[in-house]
Amino acid sequence: MKQKPNHDLLVRKYLTDKEAAKDFLLAHLPTEVLDICDLDSITVEPTSYIEDDLREHCSDIVHKLKIKNSKKAAYIYTLVEHQSSP
């Protein structure tokens, strides 16, 4: 039997890389959000909100970063849903 690819591991590996995460957020966040975020301070939070039975179809990751000119932090929750057909 052919094993199904583990999309969660692929997405996690990609989005836990600091430079890849920055590129992903630059491509997907609105300009007004990017303007206040310090992407150089990005870190990955070790948590997931996806139930085990959905992991084959979805991946999630939480990034923490500093807000520019502030001591506050922002959390960005990314949910990636895998689609095997158009």
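Buried means under 20% relative accessible area, exposed means over 50%, and partly exposed is anything in between, with a 1.4 Å probe and only protein chains counted. By that yardstick Lys22, at 13% relative accessibility, counts as buried. The legends below describe a predicted model, in which local features need pLDDT of at least 70 and side-chain atom pairs count only at pLDDT 80 or more, while totals for chains, interfaces and linings use all residues. Residues are numbered from 1 along each chain as its sequence is written, and side-chain values use heavy atoms, with hydrogens and water left out.

**View 1. The whole chain, with 3 helices and 3 strands.** Helices here are DSSP runs of H or I with at least four residues, strands are runs of E with at least two, and both are numbered from the N terminus. Reading from that end, the order is α-α-α-β-β-β. The chain has 86 residues, and 30% of them count as buried. Its accessible surface is about 6,500 Å², with 54% belonging to carbon and sulfur atoms; areas come from the Shrake-Rupley method with a 1.4 Å probe, and for residues only the protein chains shown count as cover. A contact means heavy atoms within 4.5 Å. Take the contacts with a separation of 6 or more: 44% of them are between residues 24 or more positions apart.

**View 2. The largest nonpolar core, 14 residues in total.** A nonpolar core is a set of buried Ala, Val, Leu, Ile, Met, Phe, Trp, Tyr and Cys residues joined through side-chain atoms within 4.5 Å. The members that touch the most others are Leu15, Leu25, Leu29, Leu39, Ile42, Leu65 and Ile76. Two or more residues each come from helix H1 (7-16), helix H2 (18-28), strand S1 (37-45), strand S2 (58-67) and strand S3 (73-81). Pick out Ile42 and, leaving aside residues up to four places away in sequence, you'll find it touching Lys18, Ala21, Lys22, Leu25, His63, Lys64 and Leu65. On the H2 side, the buried residues are Ala20, Ala21, Lys22, Phe24 and Leu25.

**View 3. His63, a buried residue at 0% relative accessibility.** His63 sits in strand S2. Its side chain makes a polar contact with the backbone oxygen of Leu15 at 2.8 Å. A polar contact is a pair of N or O atoms within 3.5 Å; within protein, one must be able to donate a hydrogen and the other to accept it, and residues adjacent in sequence count only if both atoms are side-chain atoms. Again skipping residues up to four places away in sequence, His63 touches Leu15, Ala21, Ile42, Thr43, Val44, Ala74, Tyr75 and Ile76.

**View 4. Lys22 and its salt-bridge partners, Glu19 and Asp40.** Side chains of opposite charge can pair when their charged atoms come close. A salt bridge here is a side-chain nitrogen of Lys or Arg within 4 Å of a carboxyl oxygen of Asp or Glu, and the structure holds 2 of them. Glu19 pairs with Lys22, with the closest N and O atoms 3.7 Å apart. Both lie in helix H2, 3 residues apart, about one turn of the helix. Lys22 also meets the side chain of Asp40, at 2.6 Å from N to O. Since Asp40 is in strand S1 and Lys22 in helix H2, this pair ties together parts that are 18 residues apart in sequence. The shared partner joins Glu19, Lys22 and Asp40 into one network. As for cover, Glu19 is partly exposed at 47% relative accessibility, and Asp40 is exposed with a relative accessible area of 52%. At the N-terminal end of H2, Asp17 acts as the cap, with a side-chain oxygen 3.3 Å from the backbone nitrogen of Glu19.

**View 5. Ser41, a strand S1 residue.** Ser41 is buried, with a relative accessible area of 17%. Its side chain reaches the backbone oxygen of Asp38 at 2.7 Å and the backbone nitrogen of Lys66 at 2.8 Å. Not counting residues up to four places away in sequence, Ser41 touches Lys64, Leu65 and Lys66. Ser41 and Leu65 are 24 residues apart along the chain, and their C-alpha atoms are separated by 5.2 Å.
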